[in-house]
Amino acid sequence: MALKINVKKSGFADVKNLVKHITEKNRVIKATPAKEVSAVFPINENAKRLHPDYQKMAISKVIDHAGAGAKTYVFKADKAAYFRAGQYLSVALTIDGSVLTRPYSISSSPDLTKDGEYAITVRRTPNGFASDWILDNWKAGDEVTVSEPLGNFFYEELRDCDDVIALAGGSGITPFLSMAYAIRDKAEDFNLTILFGSRTEDSILFKDELDAIAKECDKVKVVHALSEEERDGFEHGFINADIISK
Ligand SMILES: Cc1cc2nc3c(=O)[nH]c(=O)nc-3n(C[C@H](O)[C@H](O)[C@H](O)COP(=O)(O)OP(=O)(O)OC[C@H]3O[C@@H](n4cnc5c(N)ncnc54)[C@H](O)[C@@H]3O)c2cc1C
């Protein structure tokens with residue numbers, strides 16, 4: 001089938017219209033101030049809130065876990081980006097002129113971000129550069145710079161089973177404590193059994209908090225194993241296949 005194309009000759013009116021259009025365009029460009037056009041789109045604002053480049057926060061509280069050689073630092077700001085329990089913050093530090101970062105899992109409930117709050121728990125690493133410095137220098141009122149919440153170590157309903165067994169030792173409890181809080185606060189919904197290895201009863205991090213959550217919430221169970229002590233109500237030794245299969 002032959003194409004029917006209607007070709008018209010461009011006439012004087014077309015040229016006149018074109019000139020009018022260019023003149024108008026130049027008038028609008030000239031009348032517009034030479035500054036960035038700012039438009040606020042709610043979706044961009046939301047993305048910035050969820051994924052800030054960095055977050056400046058104040059240390060509002062320091063909790064000493066003397067028996068475990070660790071301290072919990074509570075950070076507070078007007079806003080804190082929401083996180084999935086299990087994620088970490090990358091903490092920016094300048095120590096004797098060296099600029100560095102260290103990741104620390106968030107140990108608090110995701111619910112507390114509504115009040116602009118996170119907590120991290122730092123344990124002293126023998127000869128550790130950053131942990132030593134943090135534990136000896138950070139105090140309430142100091143300002144810290146942290147990243148947005150990072151990492152994929154969180155419960156994902158589509159991927160993970162309803163029943164999760166967590167194996168933790170020492171400060172490795174922090175992401176699971178946050179998950180336990182999240183289950184208690186109904187931000188997450190799965191059954192969590194934490195097998196938590198510590199050296200002695202006195203050195204167990206967050207024992208009271210974990211026991212209180214387990215008492216309050218039947219989806220969270222905590223089994224303590226002590227490697228350097230035999231006590232009633234505790235497993236003895238390192239976490240092994242026998243303890244896991246129980
Ligand atoms: C995702 C994630 C989450 C984490 N969450 C937590 C948390 O909640 N709480 C927590 O306390 N920690 C956590 N950590 C660990 C934390 O980030 C730091 O690694 C820890 O605090 C030690 O840092 P540091 O600078 O004190 O030690 P570093 O100075 O980095 O030293 C680490 C170890 O390496 C040894 N070492 C250093 N240099 C050398 C060398 N040249 N040769 C041989 N050995 C050497 C040191 O003696 C030390 O034992 C987490 C780590 C990751 C990856």
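Helix H3 lies across strand E2 (70–76), E3, E4 and E5, and it runs at about 85° to E4. That's a handy place to start in this predicted model, since H3 (129–137), strand E4 (98–105) and strand E5 (117–123) each supply at least two residues of the shell around the ligand. Beyond that, you'll find an open sheet of six strands with antiparallel pairing and an open sheet of four strands with parallel pairing.

**Around the ligand**

- The shell holds 17 residues, and Pro-103, Tyr-104, Thr-121, Ala-130 and Ser-131 are the ones that come nearest to the ligand.
- E4 gives the largest share of that shell, with four residues.
- Sorted by character, the shell has seven nonpolar residues, eight polar ones and two charged ones.

**Polar atoms facing the ligand**

- Arg-102 has a polar side-chain atom 2.8 Å from an oxygen atom of the ligand.
- With Ala-130, a polar backbone atom is the one to look at: an oxygen atom of the ligand is 2.8 Å from it.
- Pro-126 also comes in through its backbone, with an N or O atom 3.3 Å from an oxygen atom of the ligand.
- Taken on its own, the ligand has 970 Å² of accessible area, and the protein covers 52% of that.

**The six-stranded sheet**

- Read across, the strands of this open sheet go E4-E3-E6-E1-E2-E5, and the pairing is antiparallel.
- E4 and E5 stand at the edges with a single partner strand each, so one side of each is left without a neighbour in the sheet.
- On average, neighbouring strands here are turned by 40° against each other, if you ignore direction.
- Further in, strand E3 (residues 88–95) pairs with strand E6 (residues 143–146) in the antiparallel sense, over two bridges.
- To spot a bridge in E6, find Thr-145, the bridge partner of Ala-92.

**The four-stranded sheet**

- This open sheet follows the order E7-E8-E9-E10, with parallel pairing.
- Its edges are strand E7 (163–169) and strand E10 (235–236); each has a single partner strand, so one side of each has no neighbour in the sheet.
- E7 and strand E8 (residues 191–198) pair in the parallel sense over seven bridges.
- If you want a spot to look at in E8, try Ile-194, which has Ala-166 standing opposite.

**Helices lying across the four-stranded sheet**

- Helix H4 (residues 174–184) lies across E7, E8 and strand E9 (220–226), and H4 runs at about 150° to E8.
- Helix H5 (residues 207–216) lies across E8 and E9, running at about 145° to E9.

Terms used:
Residues numbered from 1 in each chain as written. Predicted model: local features only at pLDDT ≥ 70, side-chain atom pairs only at ≥ 80, totals over all residues. Heavy atoms only, no water. Near = heavy atom within 4 Å. Polar contact = N/O pair within 3.5 Å; in protein donor to acceptor, adjacent residues only side chain to side chain. Areas by Shrake-Rupley, 256 points an atom, 1.4 Å probe, with all protein chains shown as cover. Nonpolar A, V, L, I, M, F, W, Y, C, P; charged D, E, K, R; others polar. Pairing = 2+ DSSP bridges. Contact = heavy atoms within 4.5 Å. Axes fitted to C-alpha atoms, helices over the stretch in contact; angles between N-to-C directions.
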